[in-house]
Amino acid sequence: MAHPGAALHTPTEAELRTARAALAEVPFPDEPLFARVDLVLDEAREPVLMELELIEPNLFLGLDPRGPDRLALAVAVAAREA
């Protein structure tokens, strides 16, 4: 396993706000089908962007039983819209 310590995480509102701000800077006309936003906390315990992954070889589909179905649905919707 590429990330043995990976676990599900429910993001806080501050984390969601930071992630959305990072994704808003991506210069594409549409939202990416996949993105992983890696955050860390600064000295004030506020989330800051560490890394924005738009290409990821490990989709972590095994962490959530709904993962494969969610990915298949997203691909199908994107294909219909293309």
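# A tour of the predicted chain

Start with the whole chain shown as a surface: about 6,600 Å² is exposed, and carbon and sulfur atoms supply 59% of that area. The model is a predicted one. Of the chain's 82 residues, 16% count as buried. Switch to the C-alpha trace, which spans about 45 × 35 × 20 Å along its principal axes.

Next, colour by secondary structure. There are 2 helices and 2 strands, and along the sequence they follow the pattern α-β-β-α. If contacts are drawn for pairs with a separation of 6 or more, residues 24 or more positions apart account for 42% of them.

**The hairpin**

Select strand 1 (36–41) together with strand 2 (residues 47–53). The two run antiparallel and are joined by 6 bridges. Within this pairing, pick V40; the residue opposite V40 is V48 in strand 2.

Now select E51, which is found in strand 2. Which residues does E51 touch, leaving aside those up to four places away in sequence? They are R36, V37 and D38. For one of these, D38, a C-alpha distance can be drawn: D38 and E51 are 13 residues apart along the chain, and their C-alpha atoms are separated by 5.0 Å. E51 has a relative accessible area of 33%, so E51 is partly exposed.

Move to the turn. Strand 1 and strand 2 form a hairpin with 5 residues between them. Select R45, which lies in the loop between these two strands. Its phi is near 65°, a positive value in a residue other than glycine. Most residues other than glycine have a negative phi. R45 counts as exposed because its relative accessibility is 61%, and exposed means over 50%.

**The loop after strand 2**

Continue along the chain to the loop between strand 2 and helix 2, and select F60 there. F60 also has a positive phi, near 55°, and is a residue other than glycine. Is F60 buried or partly exposed? Its relative accessible area is 21%, and buried means under 20%, so F60 is partly exposed.

In this loop between strand 2 and helix 2, select P65 as well. P65 has a relative accessibility of 74% and therefore counts as exposed. Draw a distance from P65 to L41: the two are 24 residues apart along the chain, and their C-alpha atoms are separated by 28 Å.

**The largest pocket**

Finish with the largest pocket, which holds about 1,600 Å³ of space. The elements that give two or more residues to its lining are helix 1 (13–24), strand 1 (36–41) and helix 2 (67–81). Select all 38 lining residues, then highlight F34, A35, R36, V37 and R70, which lie nearest the centre of the pocket. R36 and V37 have already appeared on the tour, as residues that E51 touches.

Last, colour the lining by residue class. How many of the residues are nonpolar, polar and charged? The lining divides into 25 nonpolar, 4 polar and 9 charged residues.

Definitions and conventions: Residues are numbered from 1 along each chain as its sequence is written. This is a predicted model: local features need pLDDT of at least 70, side-chain atom pairs count only at pLDDT 80 or more; totals for chains, interfaces and linings use all residues. Side-chain values use heavy atoms; hydrogens and water are left out. On a 1 Å grid over the protein atoms alone, a cavity is a set of points where a 1.4 Å probe fits but cannot get out, and a pocket is an open set with protein on both sides within 12 Å along at least five of seven lines; lining residues have an atom within 4 Å of a point. Grid points are joined across faces, edges and corners, and a volume is the space filled by probe spheres set on the points. Helices (H or I, at least four residues) and strands (E, at least two) are DSSP runs, numbered from the N terminus. Ala, Val, Leu, Ile, Met, Phe, Trp, Tyr, Cys and Pro count as nonpolar, Asp, Glu, Lys and Arg as charged, and the others, Gly among them, as polar. Buried means under 20% relative accessible area, exposed over 50%, partly exposed in between (1.4 Å probe, protein chains only). Contact means heavy atoms within 4.5 Å. Accessible areas come from the Shrake-Rupley method with a 1.4 Å probe; for residues, only the protein chains shown count as cover. Two strands pair if DSSP finds at least two bridges between them.
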